Amino acid sequence: MSRVPLSILDLATVGDGESVADALHHSVEMAQLAERHGYKRVWYAEHHNMRTIASSATSVLIAHIAANTNTIRLGSGGIMLPNHAPITIAEQFGTLETLHPGRIDLGLGRAPGTDQRTVRALRRSLDAAETFPSDVRELQAFLSDDSEIPGVTATPGRGTNVPVYILGSSLFGAELAAAYGLPYAFASHFAPHALLDAIVAYRDGFKPSEQLQEPYVIAGVNAIAADTQEEADDLHHEALRSRLRLLLKRRFTDEEADMMLRSPQGHQITQMAMYSAVGTAQVATNYLDEFAARTGADELIVAHQAVSPAARLRSVELLAQTYGLG
């Protein structure tokens with residue numbers, strides 16, 4: 001059967017007992033495996049002040065991964081634009097596109113990707129998100145041949161026309177992507193509740209642009225594929241514990257984490273993983289088929305959530321084989 005393309009979201013996870021260098025090495029391994037198995041792209045997310053996520057210097061990580069792969073598309077999922085001046089991002093991604101032509105994506109988010117104290121450490125205003133729509137336009141202009149600021153160009157950047165994607169978890173991003181005629185990626189792997197409404201709003205309001213003539217939706221989904229259903233279920237439970245510790249920033253024991261997951265606060269965290277393909281490769285593939293049909297997504301971007309690097313790589317491999325990639 002014909003299936004929508006499958007991509008990967010990699011957070012460069014730093015596991016217990018691992019160093020940041022270990023995590024970045026595992027990200028290279030994952031991208032290389034994804035390339036061999038026919039995934040469409042791998043994206044990396046900008047987060048700050050999170051001890052288990054090593055993708056904060058997103059453009060630097062993309063450069064490293066690109067230098068260690070050959071053909072797979074790589075990009076940001078996303079760059080949190082309120083943290084940066086548009087010209088800086090144009091220069092960074094213009095450099096990436098110049099070095100690796102035809103392989104670079106620029107996904108943009110409106111949230112800071114961190115807490116308010118870290119926003120201050122980033123030297124950005126707490127209300128920087130309010131200018132996100134105009135900042136996107138300014139950035140697009142820097143990447144084209146038509147800067148909005150007379151006498152100021154991005155070098156590298158100008159004329160590279162790096163494709164821009166709008167990321168979101170609400171109707172705001174969907175409506176902006178539609179108005180600007182850009183592809184839209186919804187973060188349903190951790191913010192599932194507005195997914196279907198956002199897709200409808202995006203498709204209904206879409207206006208063609210120079211970059212995109214028809215609406216294009218990428219939907220995020222979690223996945224853990226394993227050799228047995230029991231193993232996949234165990235890995236999924238372990239991943240929920242890990243997410244709980246990350247979000248609450250506490251080193252719970254397994255017993256404490258399980259107790260918290262049964263609480264109302266823990267239930268909110270488990271609901272974040274509502275869209276999860278968990279099981280053998282065939283079970284996970286069937287789930288992705290159903291999810292794609294339900295959402296009408298043009299592409300799925302999968303966050304392989306297993307805690308251990310070996311289990312994540314195995315999930316990437318198993319899913320590709322059964323899904324029919326490459």
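Start by selecting Arg314 in this predicted model: with 31% relative accessibility, Arg314 counts as partly exposed. Now add Asp227, whose salt bridge with Arg314 has its closest N and O atoms 2.7 Å apart. This pair joins distant parts of the chain, as Arg314 belongs to helix α12 (residues 309–323) while Asp227 sits in the loop between β7 (217–225) and α8 (229–248), 87 residues apart. Asp227 is partly exposed too, its relative accessible area being 46%.

Keep Arg314 on screen and show Glu317, since their side chains also meet in a salt bridge (3.2 Å, N to O). Here both partners lie in helix α12, 3 residues apart, or about one turn of the helix. Glu317 has a relative accessible area of 24%, so it is partly exposed.

Next, select Asp105 and Arg41. Are these two buried or exposed? Both are buried. Their side chains form a salt bridge at 2.7 Å, N to O. Asp105 is in strand β4 (residues 104–109) and Arg41 in strand β2 (residues 41–44), so the pair ties together parts 64 residues apart in sequence. Add Arg73 and Glu299 to see the network of salt bridges that links them with Arg41 and Asp105.

From Arg41, hop to Thr71: their C-alpha atoms are 9.4 Å apart, with the two positions 30 residues apart in sequence. Thr71 is in the loop between α2 (58–67) and β3 (73–80). Leaving aside residues up to four places away in sequence, Thr71 touches Glu35 and Arg103.

Finish on the surface with Asp16, Glu230, Glu231, Asp233, Asp234 and Glu238, which gather in a patch of negative charge. Asp16 comes from the loop between β1 (6–10) and α1 (20–37).

Terms used
Residues are numbered from 1 along each chain as its sequence is written. This is a predicted model: local features need pLDDT of at least 70, side-chain atom pairs count only at pLDDT 80 or more; totals for chains, interfaces and linings use all residues. Side-chain values use heavy atoms; hydrogens and water are left out. Patches are made of residues with over 30% relative accessible area and no salt bridge: like charges are joined within 9 Å, nonpolar side chains (Val, Leu, Ile, Met, Phe, Trp, Tyr) within 5 Å. Accessible areas come from the Shrake-Rupley method with a 1.4 Å probe; for residues, only the protein chains shown count as cover. A salt bridge is a side-chain nitrogen of Lys or Arg within 4 Å of a carboxyl oxygen of Asp or Glu. Lys and Arg count as positive and Asp and Glu as negative; His and the chain ends are not counted. The place of a charge is taken as NZ of Lys, CZ of Arg, CG of Asp or CD of Glu. Helices (H or I, at least four residues) and strands (E, at least two) are DSSP runs, numbered from the N terminus. Contact means heavy atoms within 4.5 Å. Buried means under 20% relative accessible area, exposed over 50%, partly exposed in between (1.4 Å probe, protein chains only).
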